[in-house]
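Student: Could you take me through one part of this protein up close? I'd like to look at the sheet and what sits around it.

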Amino acid sequence: MAFTVDKQLLEILACPAQDHAPLVKGTPTDPGADVLSCTECGRQYPIRDGIPVLLLDESHRPGGDEDAQEDMPDGSDVTRADGA
Ligand SMILES: [Zn+2]
């Protein structure tokens, strides 16, 4: 389903991470994705029912991250929810 983020809303939204960088709609690889991507850290925040969920807990970072400070298990069994 097509979803457009209000431009004014996008202007006031910022990444909840330390960078507080502006967010852009979609991802570098999928500009039409229903997520907001941080222009600084690259975190992606889901948009649920038209509401951007700007929570670090809800975000995910594509690929590996360089500054992995979270206690992530060093396993490779990442469960991935493919929301189609
Ligand atoms: Zn960020």
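Tutor: Sure, let's start in the middle of things, with S2 and S3: these two strands run antiparallel and are joined by three bridges. One of the residues involved is Val 35, whose bridge partner in S3 is Pro 46. Keep in mind that this is a predicted model, so what we're reading is the predictor's picture. S2 does well on that score, since its mean pLDDT of 95 is the highest among the elements, while H1 has the lowest at 87. Over the whole protein the average pLDDT is 81, and 71% of the residues score at least 70.

Now zoom out a bit. The protein has one helix and four strands, and from the N terminus they come in the order α-β-β-β-β. The four strands make an open sheet, ordered S1-S2-S3-S4, with antiparallel pairing. S1 and S4 are the edge strands: each has a single partner strand, so one side of each is left without a neighbour in the sheet. In general, strands of a sheet pair through backbone hydrogen bonds, either parallel or antiparallel.

Back to S2, because it also matters for the core: the largest nonpolar core is made of six residues, namely Cys 15, Leu 23, Val 35, Leu 36, Cys 38 and Tyr 45. Strand S2 (residues 35-38) gives the largest share of this core, three residues. Nonpolar side chains tend to be buried together in soluble globular proteins. Take Leu 36 and skip its neighbours within four places in sequence: its contacts are Leu 13, Leu 23, Val 24, Lys 25, Tyr 45, Ile 47 and Pro 52. Across the protein, though, buried residues make up just 12% of the 84 residues.

Finally, have a look at two loops. Asp 49 sits in the loop between strand S3 (44-48) and strand S4 (51-52), and His 20 sits in the loop between helix H1 (7-12) and strand S1 (23-25). Most residues other than glycine have a negative phi. Asp 49 isn't a glycine, yet its phi is positive, about 55°. His 20 has a positive phi too, near 50°. Are they buried or exposed? Asp 49 counts as exposed because it has 6 other C-beta atoms within 10 Å, and the cut-off for exposed is 12 or fewer. His 20 is exposed as well, with 11 other C-beta atoms within 10 Å.

Definitions and conventions. Residues numbered from 1 in each chain as written. Predicted model: local features only at pLDDT ≥ 70, side-chain atom pairs only at ≥ 80, totals over all residues. Buried ≥ 20, exposed ≤ 12 C-beta atoms within 10 Å, placed from the backbone. Core = buried A, V, L, I, M, F, W, Y, C linked by C-beta atoms within 7 Å. Contact = placed C-beta atoms within 7 Å. pLDDT = per-residue confidence, 0-100. Pairing = 2+ DSSP bridges.
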